Amino acid sequence: AGASDIRVAAVVDGKVVFSDEVVWYPKSYSDPQRHFNEIMSALRSAASHMPRVDAIGISAAGIYINNRVRVASLFRGVPRDLFEKKVANLFLDIKKAWGGIPLQVFNDGDVAALTGAMTLNDTRVLGIALGSSEGAGYIDGDGNITGLLNELAFVPVDLNSKAPIDEWSGDRGCGSLYFSQEAVVRLAPVAGITLDEKQSSAEKLKYVQKLMAEEDERPRKIFETIGCYLGYSIAQYADFYDIKHVLILGRVTSGEGGDITLKKAEEVLKLEFPDLAARVTIHLPDELERRVGQAIAAASLPGL
């Protein structure tokens, strides 16, 4: 459950039998019943492709404790008095609506890291999802989600006094504006691309990716710049995490832009941090996993 779309996957015996992306605008919803209804609709869509549903795993931006919502940008439009009444137990209400079957909610960054660990069959994985914001999580040397708050979206990666300000935290130069669709939107005018201000950020990203697919050279500059950001930021993250692998995914990495981002990040690491480059590998999964990999990995979260 991301800030611009819900990605859903039906997984039967470890195989994906259905996946889809549904656009939504959760941060603008003041009535949490809309969040409930749209998540339920996506789940029913996936369930229609399965003989039965044994469990539900959910990857979502924010902080979740025992499946309860504590802090989440998805619900920023909900008035405070309604949050505890309707939002805090929203996923417990979804579990109840599905007959009490096992349901588990984890932070989307942790699930991005889990996606990497499952794909690579290895540990010490930092997962970074470049979507509406920056989702980040870590799988430690024992192969576990640590339970710590990673939330790298709010970690400064640019100390420029004129760096953009994150609208939610109020902090300057945060990863949320450097590893997300907002980074693409911010860099597009600098690359000479005029965007339709009536469109959402997700629609603007799709337009830039369309230009990229049409072999327009201007978007290349955007993804090279994001790759440059990423190379330096991985070095910064390595001060705090024991990293062997970095997995990048999310809608910003879709198409050729993801390959350009990865290549530039590798170049920066080799040039500026050769020792780190020798022990850290950056990975980009296939196109399906880039977009819905977190939904697929989320299916493995509940214990049966």
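These are my notebook entries on a few places I looked up in this structure, which is a predicted model.

**Entry 1: strand E8**

I began with strand E8, which covers residues 134-139. Is it mostly covered or mostly open? I found it mostly covered, since six of its six residues are buried. I then sorted its residues by the way they point. Glu134, Ala136 and Tyr138 point one way from E8, while Gly135, Gly137 and Ile139 point the other way. The residues on both of these sides are buried.

**Entry 2: the partner of E8**

Next I looked for the strand that pairs with E8. I noted strand E7, residues 125-130, which pairs with E8 in the antiparallel sense over six bridges. As one bridge to look at, I wrote down Ala129, whose partner in E8 is Gly135. How many residues make the link from E7 to E8 in the hairpin? I counted three residues there.

**Entry 3: the whole sheet**

I followed the pairing outwards from E7 and E8. Which strands make up the sheet, and in what order? I wrote down E8-E7-E9-E10, an open sheet of four strands with mixed pairing. E8 and strand E10 (281-283) are the edge strands, and each of them pairs on one side only. I also looked up the turn between neighbouring strands of this sheet, which is 20° on average when direction is ignored.

The other end of the sheet came next. Strand E9, residues 245-249, pairs with E10 in the parallel sense over three bridges. Here I noted Leu247, which has His283 in E10 as its bridge partner.

**Entry 4: helices on the sheet**

I looked for helices packed on this sheet and noted two. Helix H4 (residues 108-120) touches E7, E8, E9 and E10. The direction of H4 makes about 55° with that of E8. Helix H8 (residues 256-272) packs on the sheet as well, and it touches E9 and E10. Between the directions of H8 and E10 I noted an angle of about 170°.

**Entry 5: Ser180**

I then picked out single residues. Ser180 lies in the loop between E8 and helix H5 (181-187). Why does Ser180 count as buried? Its relative accessible area is 0%, and buried means under 20%.

What does the side chain of Ser180 reach? I found the backbone oxygen of Ser176 at 2.5 Å. The same side chain also reaches the backbone nitrogen of Glu182, at 3.2 Å. Leaving out residues up to four places away in sequence, I listed what Ser180 touches: Gly131, Ser132, Ser133, Glu134 and Val252. Of these, Glu134 took me back to E8, where it is one of the buried residues.

**Entry 6: Thr261**

Thr261 sits in helix H8. Its relative accessibility is 2%, so Thr261 counts as buried. The side chain of Thr261 reaches the backbone oxygen of Phe223 at 3.4 Å. Leaving aside neighbours within four places in sequence, I listed Phe223, Ile226, Gly227, Leu230 and Ile248 as residues in contact with Thr261.

**Entry 7: Glu289**

Glu289 is in helix H10, residues 287-298. Is it buried, partly exposed or exposed? With a relative accessible area of 21%, Glu289 is partly exposed. Its contacts, apart from neighbours within four places in sequence, are Thr119 and Leu249. I also checked Glu289 against Gly250, which is 39 residues away along the chain. Their C-alpha atoms are separated by 8.5 Å.

**Entry 8: two positive phi angles**

I looked up two residues that have a positive phi although neither is a glycine. Arg124, in the loop between H4 and E7, has a phi of about 55°. Glu215, in the loop between helix H6 (201-213) and helix H7 (218-237), has a phi of about 65°. I compared how open they are. Arg124 is partly exposed, with a relative accessible area of 26%. Glu215 counts as exposed because its relative accessibility is 68%, and exposed means over 50%.

**Entry 9: the second largest pocket**

Last, I looked at the second largest pocket, which holds about 250 Å³ of space. It is lined by 19 residues. Which of them lie nearest its centre? I wrote down Tyr64, Phe106, Asn107, Asp110 and Gly147. Strand E4 (63-65) and strand E6 (103-107) each supply at least two residues of the lining. The largest share, four residues, comes from E6.

Terms used. Residues are numbered from 1 along each chain as its sequence is written. This is a predicted model: local features need pLDDT of at least 70, side-chain atom pairs count only at pLDDT 80 or more; totals for chains, interfaces and linings use all residues. Side-chain values use heavy atoms; hydrogens and water are left out. Buried means under 20% relative accessible area, exposed over 50%, partly exposed in between (1.4 Å probe, protein chains only). Two strands pair if DSSP finds at least two bridges between them. Axes are lines fitted to C-alpha atoms, for helices over the stretch in contact, and angles run from 0 to 180 degrees between N-to-C directions. Contact means heavy atoms within 4.5 Å. A polar contact is a pair of N or O atoms within 3.5 Å; within protein, one must be able to donate a hydrogen and the other to accept it, and residues adjacent in sequence count only if both atoms are side-chain atoms. On a 1 Å grid over the protein atoms alone, a cavity is a set of points where a 1.4 Å probe fits but cannot get out, and a pocket is an open set with protein on both sides within 12 Å along at least five of seven lines; lining residues have an atom within 4 Å of a point. Grid points are joined across faces, edges and corners, and a volume is the space filled by probe spheres set on the points.
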